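Reader: I am new to this structure and would like to understand the reasons behind the terms used for it. Kindly set each term against its criterion.

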Amino acid sequence: MPKLGNVRRFYVGADKTWLAGEQNNSFNRSANPIEVTDKSAMWQQFISGVRGATASVTVYADDTTGLPQATLLASWAAGQKVQCFIGELDTTGNDPVIVSGDAFEAVITSISDTNNNNEVASRDIQLTVSGGVTHYNETV
């Protein structure tokens, strides 16, 4: 069933903490094509090769110590991987339960701050997935 974008949020860490002030996120999957054309073919033929993914999230900038954004800035500075989840969580109980989405570990490839006059400062965070992605389908 289709869902509004505000339901599929960006979370970080093992405890799946939401990045407060999130404006948008994206998750992009890819696979490198491997050409397997033989001499008899008139058209190129491919098989799916190594897979990869990238993610991005835009938030209102908040450098408050102890909040997820400060943790991400520190992880970027140290070159550490971060645990991420983009999707929907059921947070009605004590521990969040995954409804649907994608879980992955990533390296932060860039953090860009935008500080426009008369606007709230924003931060765009780009990540590259390191390893596999676990996809969770919604159960009905």
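The exchange below takes up the overall fold and then the aromatic side chains.

Author: Please note at the outset that this is a predicted model.

Reader: What makes up the fold of the protein chain, and which pattern does it follow along the sequence?

Author: The protein chain has one helix and seven strands. In sequence order, these elements follow the pattern β-β-β-β-α-β-β-β.

Reader: How does the radius of gyration of the protein chain stand against that of a compact globule of 140 residues?

Author: A compact globule of 140 residues would have a value near 14 Å, whereas the protein chain has 18 Å. The C-alpha trace spans about 60 × 40 × 30 Å along its principal axes. Buried residues account for 26% of the 140 residues.

Reader: Why is the pair of Y11 and F85 called tilted?

Author: By the rule applied, the count of aromatic pairs comes to three. In one of them, Y11 and F85 lie 6.0 Å apart, centre to centre, with 40° between the planes. Ring centres must lie within 6.5 Å to pair, and planes that are neither under 30 degrees nor over 60 degrees apart count as tilted; the pair of Y11 and F85 is therefore tilted.

Reader: Why is this pair said to tie together parts that are apart in sequence?

Author: Y11 belongs to strand 1 (residues 9-12) and F85 to strand 5 (residues 81-90), so the pair ties together parts 74 residues apart in sequence.

Reader: How do you know whether Y11 and F85 are buried or exposed?

Author: Buried means under 20% relative accessible area. Y11 has 7% and therefore counts as buried; F85 has 1% and therefore also counts as buried.

Reader: What makes the pair of F85 and Y136 edge-to-face?

Author: The angle between the planes of F85 and Y136 is 65°, and their centres lie 6.5 Å apart. Planes over 60 degrees apart count as edge-to-face, so the term applies to F85 and Y136. This pair links F85 in strand 5 with Y136 in strand 7 (residues 122-136), 51 residues apart. Ring pairs thus link Y11, F85 and Y136 into a cluster.

Reader: Why is Y136 called partly exposed?

Author: Its relative accessible area is 32%. Partly exposed covers the range between under 20% and over 50%, so Y136 belongs there.

Reader: How do you know that R9 lies over the face of W18?

Author: R9 is at 4.3 Å from the ring centre of W18 and lies over its face. The distance limit is within 6 Å, so this value satisfies it.

Key
Residues are numbered from 1 along each chain as its sequence is written. This is a predicted model: local features need pLDDT of at least 70, side-chain atom pairs count only at pLDDT 80 or more; totals for chains, interfaces and linings use all residues. Side-chain values use heavy atoms; hydrogens and water are left out. Helices (H or I, at least four residues) and strands (E, at least two) are DSSP runs, numbered from the N terminus. Buried means under 20% relative accessible area, exposed over 50%, partly exposed in between (1.4 Å probe, protein chains only). A charge sits over a ring if NZ of Lys or CZ of Arg is within 6 Å of the ring centre and within 35 degrees of the ring normal. The radius of gyration is taken over C-alpha atoms; the globule rule is 2.2 Å times the number of residues to the power 0.38.
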